[in-house]
Amino acid sequence: MLILAALTALLVAAQTHYEGQIAVGGKAGATLSRVNFNPTVQQAMLPGVTAGVTFRYIEEKHFGLVAELNMTGRGWKENLEESDYTYSHRLTYLELPVMTHIYFGNRRVKGFFNLGPELNVMVSDGISSNFEYQDAAGMEYFNQTSRHIEQMTMKVKGRMDYGICGGVGMELSLNAKQSLLLESRFYYGLTDVFANHKTDVFSSSNPMTVAITLGYFYRIK
């Protein structure tokens, strides 16, 4: 509620002193994800996709707000070196970032920074593997390697996740109403994927994602 009140006050103040611009659009791109486990789990980055819709309000003095509603794939991929085994755990989220938007440049080409909080709701949870991961403790390969395998069968703690996201990018104006954007963004989750009580395996399991997206904006005001 405090965040919404602050954003409302900011928009009212901006409308009082400046002529604002409002634009709507969409975006899509690729992601690379992993989970920051403690103790460490050997991983490779898990590729995925992201797509969504975007709303932007900006002022004349290089400042604005961006809100998005995206569907994004996250998770992690086990690094099972020197074996033919594969395992990945994919978590798909509906995400709502609300970010400060700082931009600079000229009418044709602009650079920008986005930074703010993000709320996520998990909509699907799936595992892809070419072996019976439920029986990993009894397999010779896993007995010979010093690695955690509990995460392969653990249930996700909850469907809600929140964190911080930040990105940098460039915007190319096609005309007075339309523009294209290229952005690189990083997300760090402040909630854990798995339970983190003293008796649990992992003290932390924070999700991390890097996304590269191409977006389109249409100015409606």
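A polar contact here is a pair of N or O atoms within 3.5 Å, where one must be able to donate a hydrogen and the other to accept it. Keep that cut-off in mind for the stop at Lys27. The model on screen is predicted.

**Start with the whole chain**

Show the chain as a cartoon. Two helices and nine strands make up its elements. Read from the N terminus, their order is α-β-β-β-β-β-β-α-β-β-β. Turn the view along the principal axes: the C-alpha atoms fill a box of roughly 70 × 35 × 25 Å. Now colour by burial. Of the 221 residues, 41% count as buried. Contacts reach across the sequence too. Among those with a separation of 6 or more, 69% link residues 24 or more positions apart.

**Select strands 1, 3, 8 and 9**

Pick strand 1 (21-38) and strand 9 (204-219). These two run antiparallel and are joined by 16 bridges. Zoom in on two of the pairs. Gly26 has Tyr216 of strand 9 as its bridge partner. Lys27 has Gly215, also in strand 9.

Next add strand 3 (46-58). Strand 1 pairs with strand 3 over 13 bridges, again in the antiparallel sense. Label Ala28 and Ala51: Ala28 stands opposite Ala51 in strand 3.

Now bring in strand 8 (178-189). Strand 8 and strand 9 are antiparallel, with 11 bridges between them. Here, find Arg185, which stands opposite Ala211 in strand 9.

**Stop at Lys27**

Show Lys27 as sticks. This residue lies in strand 1. Is Lys27 buried or exposed? Lys27 is buried, because its relative accessible area is 12%, and buried means under 20%.

What does the side chain of Lys27 make a polar contact with? The partner is the side chain of Glu68, at 3.2 Å. That distance falls within the 3.5 Å cut-off.

Select everything in contact with Lys27, leaving aside its neighbours within four places in sequence. The set includes Thr50, Ala51, Gly52 and Thr54. Glu68, Asn70, Glu183 and Arg185 are also in contact with Lys27. Thr213, Leu214 and Gly215 belong to the set as well.

**Look for enclosed space**

Rolling a probe the size of a water molecule over the atoms shows where empty space is left. How many cavities of 30 Å³ or more does a search of the whole structure find? The search finds two.

Go to the largest cavity, which holds about 140 Å³ of space. Its lining has 16 residues. Select Thr54, Glu68, Leu181, Glu183 and Phe217, which lie nearest its centre. Glu68 is the polar partner of Lys27 from the previous stop. Colour the lining by class: six residues are nonpolar, six polar and four charged. Strands 1, 3, 4 (63-78), 6 (109-129), 8 and 9 each supply at least two lining residues. Strand 9 gives the largest share, five residues.

Move on to the second largest cavity, with a volume of about 110 Å³. Of the 14 residues that line this second cavity, Arg74, Glu95, Arg185, Thr209 and Ala211 are the closest to its centre. Arg185 and Ala211 are the pair that stand opposite each other across strands 8 and 9. Strand 4, strand 8 and strand 9 are the elements that give two or more residues to this lining. By class, the lining of the second largest cavity has four nonpolar, four polar and six charged residues.

**Open the largest pocket**

Switch on the surface. The largest pocket has a volume of about 540 Å³. It is lined by 23 residues. Select Gln21, Arg107, Lys110, Ser173 and Arg219 to land nearest its centre. Seven of the lining residues are nonpolar, eight polar and eight charged. Strands that each supply at least two residues to this lining include strand 1, strand 3, strand 5 (87-105) and strand 7 (160-173). Strand 8 and strand 9 do so too.

**Finish in two loops**

Select Asn38 and Pro39. The peptide bond between them is cis, with omega near 5°. Pro39 is found in the loop between strand 1 and strand 2 (43-44).

Then jump to Glu82, in the loop between strand 4 and strand 5. Its phi is near 55°, a positive value in a residue other than glycine. Is Glu82 buried or exposed? Glu82 is exposed, because its relative accessible area is 82%, and exposed means over 50%.

Conventions: Residues are numbered from 1 along each chain as its sequence is written. This is a predicted model: local features need pLDDT of at least 70, side-chain atom pairs count only at pLDDT 80 or more; totals for chains, interfaces and linings use all residues. Side-chain values use heavy atoms; hydrogens and water are left out. On a 1 Å grid over the protein atoms alone, a cavity is a set of points where a 1.4 Å probe fits but cannot get out, and a pocket is an open set with protein on both sides within 12 Å along at least five of seven lines; lining residues have an atom within 4 Å of a point. Grid points are joined across faces, edges and corners, and a volume is the space filled by probe spheres set on the points. Helices (H or I, at least four residues) and strands (E, at least two) are DSSP runs, numbered from the N terminus. Ala, Val, Leu, Ile, Met, Phe, Trp, Tyr, Cys and Pro count as nonpolar, Asp, Glu, Lys and Arg as charged, and the others, Gly among them, as polar. Two strands pair if DSSP finds at least two bridges between them. Buried means under 20% relative accessible area, exposed over 50%, partly exposed in between (1.4 Å probe, protein chains only). Contact means heavy atoms within 4.5 Å.
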